[in-house]
Amino acid sequence: MAGLELSSVTKSFGQVDVIHGIDLKINDGEFIVFVGPSGCGKSTLLRLVSGLEETTSGTLSIGGEDVTHVEPADRGVAMVFQSYALYPHMTVYDNMAFGLKMTGHPKADIKRRVDRAAEILELTPLLDRKPKAMSGGQRQRVAIGRAIVREPKVFLFDEPLSNLDAELRVQMRLQIAKLHRDLGTTMIYVTHDQTEAMTLADRIVVLRSGRLEQFGSPIALYDDPDNAFVAGFIGSPRMNFLRGVVEDAGMTADGGTRTATVRIPDLSNLSLSVPVRGDVPAKGTTVDVGIRPEHFVGSDDSATQYTGVANMVEQLGGVSYLYLGVGSGGQLTVEQKGHAMTTDGEQATVGIDGSRAMLFTTDGARV
């Protein structure tokens, strides 16, 4: 097992810069998830760690050893791709053992490693099967087993569950979490899936346009994002953003938190008292107010209410989503527990708890 550190790592393809000076320290045994929109550089960064791409500048170390210019096979990493890439004519056992055979490992050592991986992944009864006789989830477990037998210092996963259906994704996500708990090995996982990131990660790396926006625990990123991009990216459905104007500054009742009173034209000029973690903006400053769909309250629970027409209502059983029209022609996403009583086209009143809202400058910085 080993930690990993990137220092001022950049990557360019010709004149195009895709990774811009990434500094990142990953502790031994951590499960790290890279997230970000398509094209943000998360898979490229993973390939730099694996050695499949060369860094343009900067250094990369694994277990305290500089591996910036070390060949992929000698870095002590194993990678699991989105594609299973199994040999169709080989059994599960032979697929998992193939790499070890090519590097000249003794037969007894190969059997020990394959048997151990098969036990961990519950593949022992399937060792004599060929891939065509297996489900997608089973094939992905074989691909993971092929990585386990290498006994790497670091596991790298590049969107390994993207080809699976929803039910199998849940099963495999639990399998990977258990694998990390059993092995205790450092793992880096690339995904665009919110649920995978929030449930698997010890810490999440949020990337945008090849730059690191924020690095922290899932709950820290959810509760205390550094900017509007992170706030909007972490959480599903995404945070609502509404343009507002600062009317006044104040303090909470206990005197411990600074607040700003913000008037929101799109919500019928409703005024909210919103916590401010930095300096309170001057009166008249234009800001953006962020409200998560799950942070609305019942209409009887708050003096601050908004009534709008439900453009659409999604009933999901245990939870419902109202999409309320707002003044500018946009909409407000509101989560309600259980079945919504509102139907499409009806008016609905929701309570807004300003203490759960966040404030951002118009260029996205957290206030």
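**Close-up 1. Helix α1, a helix largely enclosed by the rest of the structure.** In this predicted model, 7 of the 9 residues of α1 (residues 42-50) are buried, so the rest of the structure largely encloses this helix. If you would like to find the buried residues, look for Lys42, Thr44, Leu45, Leu46, Leu48, Val49 and Ser50. Just after α1 comes Gly51, with a positive phi near 95 degrees. Helix α1 lies across β3 (31-35), β6, β7, β8 (186-190) and β9 (203-208), and runs at about 150 degrees to β7.

**Close-up 2. The open sheet of 6 strands.** Follow the strands in the order β6-β7-β8-β3-β9-β10, and you will meet mixed pairing. At the edges stand β6 (77-80) and β10 (211-216), each with a single partner strand, so one side of each has no neighbour in the sheet. From one strand to the next, the twist averages 20 degrees.

**Close-up 3. Strand β6 beside its partner β7.** Strands β6 and β7 (residues 154-158) pair in the parallel sense over 4 bridges. Here you can spot Val77 opposite Val154 in β7.

**Close-up 4. Helices α4 and α5 packed together.** Helix α4 (residues 136-148) and helix α5 (residues 166-183) meet at an angle of about 20 degrees, their axes 11 Å apart. The two helices are therefore roughly parallel to each other, and α4 passes α5 in a right-handed crossing. On α4, the contact uses Gly137, Gln140, Arg141, Ile144 and Ile148, while α5 brings Leu168, Met172, Gln175, Ile176, Leu179 and Leu183. These contact residues divide into 7 nonpolar, 3 polar and 1 charged. Helix α5 also lies across β3, β7 and β8, running at about 160 degrees to β8.

Conventions
Residues numbered from 1 in each chain as written. Predicted model: local features only at pLDDT ≥ 70, side-chain atom pairs only at ≥ 80, totals over all residues. Heavy atoms only, no water. Axes fitted to C-alpha atoms, helices over the stretch in contact; angles between N-to-C directions. Parallel < 35°, antiparallel > 145°, perpendicular 65-115°, else oblique. Left-handed = near helix turned anticlockwise from the far one by under 90°. Contact = heavy atoms within 4.5 Å. Nonpolar A, V, L, I, M, F, W, Y, C, P; charged D, E, K, R; others polar. Buried < 20%, exposed > 50% of the residue type's maximum accessible area, 1.4 Å probe, protein only. Pairing = 2+ DSSP bridges.
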